Amino acid sequence: MSEEKSPLADLVSGQISLQSELDRIFNIFSKTKALIRPHFILTGASGTGKTLIITSLCEKHNVGFLEINAASLTKEGTSGNSLSKALGPLINLGNKPTVVFVDEFDKLFISGNSNSSSAHETTTGVQNEFLKVLESDSTQVYGDYGKYVDASTKNCLFIFAGAFNNEENITIDRLREIGIKTEFIGRVGLIFNTTKLTLEELYAILENSPLLNNYCRFIKGAQDKKQETIGVIKEYLKNNYELNSLGARVINTLIHSYYINNGKLEKEAIDDIMFHSAIEL
């Protein structure tokens, strides 16, 4: 059985205000049939529901959704996943209003790369390619048989999301410091931030976890010990709250580890997965 998504959007009360603001943007975008497109940047710690909030709003407003992983993008003309390839699915979406969700956008600006010259060239090149797309009603995408074809972008709302080192309340000035060009910010000047999940919100996600329910269904005796399991994982969350770098995603990590290790949470093994020091931006 596949793992269901945890109902994060319903359990994270701290994001209600943000969801309300973004809902207004989606309402404007959908009601005007993409005539008005308030592109924006969405920041916030990993596992705070950025993707889930956006996909939920896409469903609510019946708009298309295309996700791009910015961390894998390469400059056009070099080997790898260029923007023209990543935007290829737009060909099949017709004129339907569509959100292009550019995830891990912050990964384009990590400093300390072993080949800083190459990294800078890629960052600048990818930003310039996004700028061309944002300034135009269409773009060339990689189609069938290796041929480039025109795809409409005039119905696309672009959202650039990233954890940005889990920094809180990212500002335009901070984005400039990180390396985002002024020209880019001029076209995507709206910034929204998710908030870090509270311990109580993590508890609520754990208690409503579909993954935990699946383990209880298929492991003999697990249902009878469900509350005991929740108690053990809650204690671990409480003791390591400040070190959690995965947000809500840590819940599944802990549940898997608990059952795979026969009811134990091996701290050292989990630390290697869920806790890490900050990277330099």
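Salt bridges in a predicted single-chain model

Of the contacts in the protein chain between residues at least 6 apart in sequence, 76% join residues at least 24 apart. The model is a predicted one. Its protein chain has 281 residues, and buried residues make up 47% of them. The secondary structure comes to twelve helices and nine strands. About 14500 Å² of the protein chain is exposed, with 48% of that area supplied by carbon and sulfur atoms.

Charged side chains are the next topic. Side chains of opposite charge can pair when their charged atoms come close. With a cut-off of 4 Å between a side-chain nitrogen of Lys or Arg and a carboxyl oxygen of Asp or Glu, the count of salt bridges is eight.

One of these salt bridges is formed by the side chains of Lys60 and Asp23, at 3.0 Å from N to O. Lys60 belongs to helix α3, which covers residues 50-61, while Asp23 belongs to helix α2, covering residues 16-31. The two residues are 37 apart, and the pair links distant parts of the chain. Lys60 has a relative accessible area of 58%; because exposed means over 50%, Lys60 counts as exposed.

A second helix-to-helix pair is that of Glu135 and Arg187, whose closest N and O atoms are 2.7 Å apart in a salt bridge. Glu135 lies in helix α5 (residues 116-135) and Arg187 in helix α7 (residues 182-187), so this salt bridge ties together parts of the chain that are 52 residues apart in sequence. Glu135 is partly exposed, at 47% relative accessibility, and Arg187 is also partly exposed, with a relative accessible area of 37%. Salt bridges with shared partners also join Glu167, Arg174 and Glu177 into one network.

The salt bridge between Lys107 and Asp106 has an N to O distance of 3.4 Å. How buried or exposed is each partner? Lys107 has a relative accessible area of 33% and is partly exposed. Asp106 has a relative accessibility of 3%; since buried means under 20%, Asp106 counts as buried. This salt bridge therefore pairs a partly exposed lysine, Lys107, with a buried aspartate, Asp106.

Taken together, the salt bridges described here include the pair of Lys60 in helix α3 with Asp23 in helix α2, the pair of Glu135 in helix α5 with Arg187 in helix α7, and the pair of Lys107 with Asp106.

How values were computed: Residues numbered from 1 in each chain as written. Predicted model: local features only at pLDDT ≥ 70, side-chain atom pairs only at ≥ 80, totals over all residues. Heavy atoms only, no water. Helix = DSSP H or I, 4+ residues; strand = E, 2+ residues; numbered from the N terminus. Buried < 20%, exposed > 50% of the residue type's maximum accessible area, 1.4 Å probe, protein only. Contact = heavy atoms within 4.5 Å. Areas by Shrake-Rupley, 256 points an atom, 1.4 Å probe, with all protein chains shown as cover.
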